[in-house]
Amino acid sequence: MASTSLLVLLKIVMILICAGWVSLWILKPTELWTRKWKGAEQSAMNTVFRYNGLDFVVYTFPVIALAMIGFIYLELKPKEPRSRQRRSSTTALSNPLVVNSYLGVLSGIEILAASLFILFLAWTFYTHVSNDFKKIIPIKALKLNVWQFKFYKVSIRFGLLAEACVALLLLPILRGMSIFQILGIQFEASVRYHVWLGTAMILFATLHGAGIFFIWGIKHCIQDKVILVHFYNLTSLECVYLLYLTPFTLQQMWNWQKTGRIYLAGEIALVTGLVIWITSLPQIRRKQFEIFYYTHHLYAVFLLFFLFHTGDRHFYMVFPGIFLFGLDKLLRIIQSRPETCILSAKIFPSKAMELILPKDPRLKYTPTSVIFMKIPSISKFQWHSFTITSGSNIDDHTVSVIIKCEGWWTSSLYNMINAEVDSDDGQMKCIPIAIEGPYGPTSLNFLRYDSLLLVAGGIGITPFLSILREIESAQSSGRKGFPSKIQLVYAAKKSQDICLLNLILPLLLKQKGEQLHLKVKVFVTQEKRSGATIRELLNEFSQVETVNFDTKCSNFATHGLESLRWRAAIAGFSSILFLVLLSCFNRAFLPTAKTGSKENKPSSETDLLLICSFTIAIICSTLVAVILRRRNLREGIPPISEKQSEKMKPSSVEINGALEEHEIHFGGRPNFQDIFSKFPNETGGSDIGVLVCGPETMKESLASLCQLSSQGIKMGDQKKKPYFNFHSLTFAL
């Protein structure tokens, strides 16, 4: 294990790199940076890498370096804290500060980060526009009025705000190469940051395009010659103001220019972005997932034409996210090969399925981790995420997930398994399956509370099954530091939904004399019964249909992701190879420009060389990854014997243990305010972790209560009053 001093040093280096990269964006709109950067690029033209090397190293590589150092830091960092968490100022900032039906649940840290980003956008916009307005030259030949010219320049600067959003757009949705892991942010939570950035990007891009179209429209764009002040920089990322004569016709809007800005590329990028954004709205994504899923892959078209429109110098600003995303995408494809197979499946009365998959014993993951699953026999392209319900410390050879039959994809899987259960031919089907992941938190910090209040709605109980199994394993092995008092509040529509509690039945029965105390409160919202107990319902719905499948189609188990240090090495190798290839291509295919030359070069040729360098670098890195993967890949027959391969009959287990301590309520939703007021007295803990997974309305209710409790603590005695720490988990992306 690395020493504390090394971890501190790596953290300081990451902070300095992040601060430096942010400073570049802040200084970028200023004239001082424009002048200095212009001179730096001219000096770099005399080197072997030309200006490309300088732009890549200064604007792109810091984020890649941050990811590389972050991976090493996470690899060396202890997975489990050595002591229980202490309440601090950062803990208060991570609790809900704003609860809104439109914005969702926002913590103080999220509001602070969003506010700083908005201030940065305002600073960038104001600095650029003010500099533009200072340099308006009253020329009689100018065919635009002053207000029209200002409107035109304001529209152009909206494009730079869209560029800033694109720079961060892909970073939250990285999985294997995610730098958000450094901050302890799970992939499911960071998806909404991607949504916010995408919405802001589309807004600014639409204002940018609509403003320019408006000016072209009111002038009819049919003047013989129009003198415009065009902000285009030939030697730096900043715009140098040049005044030149440009023939502007309506037809030019639909032509592919040989030099300068390619307007047609910008129009295609804007239309593509609008299609992606519209089809990702909740109304479409939830009801027509296939439309959302397939149109979202138009991101490749959007990024390609964004490059052609902005040029390579501007593209280096947004290139870090694209570079890491491309590498992450190909590494995930490698990781999902070869395909494995489903060992067995259990069908519960609530139309939920538990799939058992083979796992490499060396694969370890944390509770609440998710895997992405593709079943080619249903769809060769669709991937769906599911929470792992098993624990890697308990199940060495298998990993399990629970899937609720709701949409088209899950219904197809349910029917496929049901058909196998109902068939009488004795021939068991082999179902190949591709797996990506698991992805999850890097540590178990959220389990280091005095007590835990787990609130689940419907299939949202799945993350808590893995948490409870992990805590049970920790208690059995003698590990300390885990909460000993836990309360599970489970809201379900039908009484048959509580059959999933059978998976933690040993925990429900182990109460007296045990270090771990678990209490369950079940609320069945759409049924009314009197006198029914949890024990009676578990016995009533304990019958489970189980089928074990043939495994001849695959001898490989789920191996998971490569090590973090290995991913850091691949990222470094790819970036160096890209820079070398780009320098070689530029020298081979582009003529050397004289120092200080301002001639307009064909921008599309430079962009194509950048695309080729990026593609070859990623492919070469992928080939290296494939070779290393095959060397380390261990063939393993799934742990299933011939007897287990036979189809099993429906089974049920009679529950004779006492479950009177657990409660069940019918015909209403939980009263969270009453639960919050009673929970501290029932558990005795002062530092309480509240974990919720369910509908948004449930999350908002609990977040409001945690917000009120934290405000009450500030006015009272912190040592005596309990503190509720809110954590939101997502079971569907």
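Which residues in H7 meet which residues in H8? The legends below start there and then move on to other parts of this predicted model.

**Figure 1. Helix H7 meeting helix H8.** From H7, the residues in the contact are Gly-198, Thr-199, Ile-202, Ala-205, Thr-206, Gly-209, Phe-213 and Trp-216. H8 answers with Tyr-263, Glu-267, Leu-270, Gly-273, Leu-274 and Trp-277. Sorted by class, the residues of this contact are 8 nonpolar, 5 polar and 1 charged. H7 covers residues 187-218 and H8 covers residues 263-279; their axes come within 10 Å and cross at roughly 140°. That angle makes H7 oblique to H8. As for handedness, H7 passes H8 in a left-handed crossing.

**Figure 2. Helix H5 against helix H6.** Here we have residues 108-134 (H5) and residues 146-169 (H6), with axes that come within 10 Å and cross at roughly 150°. The cut-off for roughly antiparallel is over 145 degrees, so H5 and H6 are roughly antiparallel to each other. H5 brings Phe-117, Phe-120, Leu-121, Thr-124, Phe-125, His-128, Val-129, Asp-132 and Phe-133 to the contact. On the H6 side, look for Lys-150, Lys-153, Val-154, Arg-157, Phe-158, Leu-160, Leu-161, Ala-164, Cys-165 and Leu-168. The class count for this contact is 13 nonpolar, 2 polar and 4 charged. The crossing of H5 past H6 is right-handed.

**Figure 3. Helix H12 crossing helix H17.** The axes of H12 and H17 (residues 564-589) come within 11 Å, with a crossing angle of roughly 125°. This makes H12 oblique to H17. H12 passes H17 in a right-handed crossing. Tyr-316, Phe-319, Phe-323, Leu-327 and Leu-331 are the H12 residues in the contact. Their partners in H17 are Trp-566, Ile-570, Ala-571, Ser-574, Ser-575, Phe-578 and Leu-582. No charged residues turn up in this one: the split is 10 nonpolar and 2 polar.

**Figure 4. Met-14 and its contacts from elsewhere in the chain.** Met-14 sits in helix H1, which spans residues 4-27. Is Met-14 buried or exposed? With a relative accessibility of 6%, Met-14 counts as buried. Setting aside neighbours within four places in sequence, Met-14 is in contact with Leu-66, Ile-69, Gly-70, Tyr-73 and Ile-182. Take Leu-66: Met-14 and Leu-66 are 52 residues apart in sequence, yet their C-alpha atoms are 5.9 Å apart in space.

**Figure 5. Phe-372 in strand E8, with Tyr-439.** Strand E8 runs over residues 370-374 and includes Phe-372. Phe-372 counts as buried, at 4% relative accessibility. Along the chain, Phe-372 and Tyr-439 are 67 residues apart, while their C-alpha atoms are separated by 8.8 Å.

**Figure 6. Two cis peptide bonds, one before Pro-338 and one before Pro-438.** Arg-337 and Pro-338 are joined by a cis peptide bond with omega at about -10°. Pro-338 belongs to the loop between helix H12 (312-335) and strand E5 (340-341). Gly-437 and Pro-438 are likewise joined by a cis peptide bond, with omega at about 5°. Where is Pro-438 found? Pro-438 is in strand E11, residues 432-439.

**Figure 7. Positive phi at Arg-50 and Lys-351.** Neither residue is a glycine, but Arg-50 has phi near 55° and Lys-351 has phi of about 65°. Arg-50 lies in helix H3, residues 50-76, and counts as buried at 5% relative accessibility. Lys-351 is in the loop between strand E6 (344-347) and strand E7 (352-358). At 39% relative accessibility, Lys-351 counts as partly exposed.

**Figure 8. The whole chain, for context.** How many helices and strands does the secondary structure of the chain come to? There are 20 helices and 18 strands. The chain has 733 residues, and 54% of them count as buried. Among contacts with a separation of 6 or more, 81% are between residues 24 or more positions apart. The accessible surface of the chain is about 33,700 Å², with 61% of that belonging to carbon and sulfur atoms.

Terms used:
Residues are numbered from 1 along each chain as its sequence is written. This is a predicted model: local features need pLDDT of at least 70, side-chain atom pairs count only at pLDDT 80 or more; totals for chains, interfaces and linings use all residues. Side-chain values use heavy atoms; hydrogens and water are left out. Axes are lines fitted to C-alpha atoms, for helices over the stretch in contact, and angles run from 0 to 180 degrees between N-to-C directions. Helices (H or I, at least four residues) and strands (E, at least two) are DSSP runs, numbered from the N terminus. Angles under 35 degrees count as roughly parallel, over 145 as roughly antiparallel, 65 to 115 as roughly perpendicular and the rest as oblique. A crossing is left-handed if the near helix is turned anticlockwise from the far one by less than a right angle, and right-handed if clockwise. Contact means heavy atoms within 4.5 Å. Ala, Val, Leu, Ile, Met, Phe, Trp, Tyr, Cys and Pro count as nonpolar, Asp, Glu, Lys and Arg as charged, and the others, Gly among them, as polar. Buried means under 20% relative accessible area, exposed over 50%, partly exposed in between (1.4 Å probe, protein chains only). Accessible areas come from the Shrake-Rupley method with a 1.4 Å probe; for residues, only the protein chains shown count as cover.
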